[in-house]
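Notebook open, coffee poured. I want to get my bearings in this structure before anything else.

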Amino acid sequence: MKRRSKMNKTDFIVKLSEELSVTKTKANKNFEAVIKCIAHAMKDNDELRFTGFGTFKAKNKEATEVKTPKGTMVKVPAQRRVSFSVGSELKAIVNGK
């Protein structure tokens, strides 16, 4: 099988529908539900851990001012930043181990 450099959401939904043996519409609904649940979990919690897959972490970032390339100062509002750390099982699969 030829290795592709990029996969978009549509490609992923096709693959998910095949894996679950469901229609693409049903796979898309399942995917959207998972994404929505992750987003809501991160809104209310600082960490969401899926053992083996990885960990989502949210941190509060304070408001700040930054200088734009044109030299003007712009205010960046306070926000929560989310990061993802890859788990050992996912890392092993990606690396073919």
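Before looking anything up, I'm fixing one term: two residues are in contact when heavy atoms lie within 4.5 Å. I'm also keeping in mind that this is a predicted model.

**Entry 1: Leu48 and the core**

I started with Leu48. Which residues does Leu48 touch, leaving aside its neighbours within four places in sequence? I found Ile38, Ala41, Met42, Gly54, Thr55 and Phe56.

Several of those names came back when I looked up the largest nonpolar core, which has 6 residues: Ile38, Ala41, Met42, Leu48, Phe56 and Ala58. Two elements give two or more residues to this core, namely α2 (24–44) and β2 (54–61). I noted that α2 gives the most, with 3 residues.

**Entry 2: the sheet**

Next I followed the strands. A reminder to myself: strands of a sheet pair through backbone hydrogen bonds, either parallel or antiparallel. Here I see 3 strands in an open sheet, ordered β1-β2-β5, and the pairing is antiparallel. β1 and β5 stand at the edges with a single partner strand each, so one side of each has no neighbour in the sheet. On average, neighbouring strands are turned by 15° against each other, direction ignored. I then checked what lies against the sheet: α2 packs on it and touches β1, β2 and β5, and its direction makes about 135° with that of β1.

Now the pairs one by one. β1 covers residues 47–50 and pairs with β2 over 4 bridges, in the antiparallel sense. These two strands form a hairpin with 3 residues between them, and Gly52 in the turn has a positive phi of about 90°. β2 is joined to β5 (residues 79–86) by 8 bridges, and this pair also runs antiparallel. One of the bridges I looked up there puts Lys61 opposite Gln79 in β5.

**Entry 3: Lys57**

Lys57 sits in strand β2, and I wanted to know its partners. What is the bridge partner of Lys57 in β5? I found Ser83. Toward the other strand, Lys57 is the bridge partner of Glu47.

Its contacts, apart from neighbours within four places in sequence, are Met42, Asp46, Glu47, Arg81, Val82 and Ser83. I picked out Arg81 for a distance check: Lys57 and Arg81 are 24 residues apart in sequence and 8.1 Å apart in space, C-alpha to C-alpha. At 33% relative accessibility Lys57 counts as partly exposed, because that class covers values between 20% and 50%.

**Entry 4: the two helices**

How do α1 and α2 sit against each other, parallel or perpendicular? Their axes are 8 Å apart and the packing angle is about 105°. That falls within 65 to 115 degrees, so I wrote down roughly perpendicular.

On the α1 side I listed Lys9, Phe12, Ile13, Val14, Leu16, Ser17 and Leu20. They meet Lys24, Ala27, Asn28, Asn30, Phe31 and Glu32 in α2. Sorted by type, the residues of this contact are 7 nonpolar, 3 polar and 3 charged.

**Entry 5: two serines**

Is Ser17 buried or exposed? With a relative accessible area of 7%, Ser17 is buried. Ser17 belongs to helix α1 (residues 9–20), and beyond its neighbours within four places in sequence it contacts Val22, Thr23, Lys24 and Ala27.

Ser21 lies in the loop between α1 and α2. Ser21 counts as exposed, at 65% relative accessibility. One more thing I jotted down: Ser21 has a positive phi of about 55° although it is not a glycine.

Note on methods:
Residues are numbered from 1 along each chain as its sequence is written. This is a predicted model: local features need pLDDT of at least 70, side-chain atom pairs count only at pLDDT 80 or more; totals for chains, interfaces and linings use all residues. Side-chain values use heavy atoms; hydrogens and water are left out. Buried means under 20% relative accessible area, exposed over 50%, partly exposed in between (1.4 Å probe, protein chains only). A nonpolar core is a set of buried Ala, Val, Leu, Ile, Met, Phe, Trp, Tyr and Cys residues joined through side-chain atoms within 4.5 Å. Two strands pair if DSSP finds at least two bridges between them. Axes are lines fitted to C-alpha atoms, for helices over the stretch in contact, and angles run from 0 to 180 degrees between N-to-C directions. Angles under 35 degrees count as roughly parallel, over 145 as roughly antiparallel, 65 to 115 as roughly perpendicular and the rest as oblique. Ala, Val, Leu, Ile, Met, Phe, Trp, Tyr, Cys and Pro count as nonpolar, Asp, Glu, Lys and Arg as charged, and the others, Gly among them, as polar.
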